[in-house]
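User: Could you take a close look at one part of this model for me, starting from the end of a helix and working along to whatever else is worth a look?

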Amino acid sequence: MEIKRVCIVGTGVMGNGIVQVCAQAGYDTSVVDVSDDLLQRGLGNIKKSLSKFVEKGKLTQEQMNESVGRIKPTTNMKEGAKEADFVIEAVFERDDVKRDIFRQLDEICPSHTILASNTSTIPISLLGSATKRPEKVIGTHFMNPVPLMRGVEIIKALATSEETLNISLDFIHSLGKETAVVKDSPGFVTNRIMPLFLNEAAKLYEENLATVEDMDKIVRLSFNWPMGPFQLLDLIGIDTIVDVLEAVYIETGWERYKPVPVLKRMKEVGWTGRKTSKGFYDYTR
Ligand SMILES: NC(=O)c1ccc[n+]([C@@H]2O[C@H](COP(=O)([O-])OP(=O)(O)OC[C@H]3O[C@@H](n4cnc5c(N)ncnc54)[C@H](O)[C@@H]3O)[C@@H](O)[C@H]2O)c1
């Protein structure tokens, strides 16, 4: 099956990045969100990100314009998805919201369309069960920031067919990404490892062990990582990390995945990191 048109549902932190790499790879890319404001903000962020590639000489202005020209924003799911060969859902980490979207997509999309989710933790089988095509449902777990991170976890659920897996692998490789195939288990591989580290960092913050800046600095310098845990928490979104930890905890009962209180409180007041301009750091200035 040749993939020409893709549709991304959700233009948040991850949706924007996925839209960008699909458009850059030459796909007609529609993007669906719930309001024009969100779509315009998303498009603005994508242009900002593409401009950085132009400034660094990794993309020409013409290539940037062509990429932007391939992006079709809409608030109408039917309009966005009705001709798509491959759909990637990237909305909030809530299974009821995602299941509803999969049910709608199943009704709207042609029978050959593959329905993928960027979920961090929600079982792909559960999303597949909201459709009449579970064999065409798969997980494509991109990493943040999508345009820079090369790895994508591919989650093959019990019912996902080999054909769907192979088409999906080819498609993700065509975006310049590398893949690892993972079983449909809570948190997959990346979200069994990274959130534990971030939860522990938040525990150290509660213990007032050192300043946020110093904890980030010592991790960056000691492990040669590009950012420390608090910078990463703000980049990923504190709400997303809490959701991921809770999802693995609920599914497994393992105490070590219980989010520490400070993360839950920050989520409750909306201090979720860069996307709200406030997290462990202040981004308003
Ligand atoms: N943030 C990360 O670092 C990261 C990394 C890997 C995977 N993920 C996963 O990617 C998914 C998206 O996360 P995010 O951080 O981009 O979230 P986000 O909160 O930044 O964006 C979610 C977007 O979905 C939109 N949305 C909600 N309901 C919708 C609907 N019914 N139709 C259309 N759009 C709708 C929202 O308006 C919002 O723009 C989640 O499943 C998350 O677990 C996140």
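Analyst: Right after α11 comes Gly 253, with a positive phi near 75°. Before going on, the ground rules: this is a predicted model, where local features need pLDDT of at least 70 and side-chain atom pairs count only at pLDDT 80 or more, while totals for chains, interfaces and linings use all residues. Numbering runs from 1 along each chain as its sequence is written, and side-chain values use heavy atoms, with hydrogens and water left out.

Back to α11 itself. The helix covers residues 238-252, 15 in number, and goes 21 Å from first C-alpha to last, close to the 21 Å expected at 1.5 Å a residue (the expected span is 1.5 Å times one less than the number of residues). Helices here are DSSP runs of H or I with at least four residues, strands are E runs of at least two, and both are numbered from the N terminus. Buried residues of α11 include Ile 238, Ile 241, Val 242, Leu 245 and Val 248, and Asp 239 and Asp 243 are on the list too. Buried means under 20% relative accessible area, exposed over 50%, partly exposed in between, using a 1.4 Å probe and protein chains only. Their cover includes α8 (190-206), α10 (229-236) and α12 (261-269).

Now for a loop residue. Thr 113 sits between α5 (95-108) and β5 (114-117), and it counts as buried because its relative accessibility is 0%. Leaving out residues up to four places away in sequence, Thr 113 touches Ala 84, Asp 85, Phe 86, Val 87, Arg 133 and Lys 136, a contact being heavy atoms within 4.5 Å. A polar atom of the Thr 113 side chain is 2.8 Å from the backbone oxygen of Ala 84, and this side chain also reaches the backbone oxygen of Pro 110 at 3.1 Å. Polar contacts are N or O pairs within 3.5 Å; within protein, one atom must be able to donate a hydrogen and the other to accept it, and residues adjacent in sequence count only if both atoms are side-chain atoms.

Last, the ligand. It is surrounded by 25 residues, with Met 14, Asp 33, Glu 93, Lys 98 and Ser 120 the closest; the cut-off is a heavy atom within 4 Å. Ligand oxygen atoms lie 2.7 Å from a polar side-chain atom of Lys 98 and 2.6 Å from one of Ser 120. Elements giving two or more residues to the shell are α1 (13-24), α5 and β6 (137-142).
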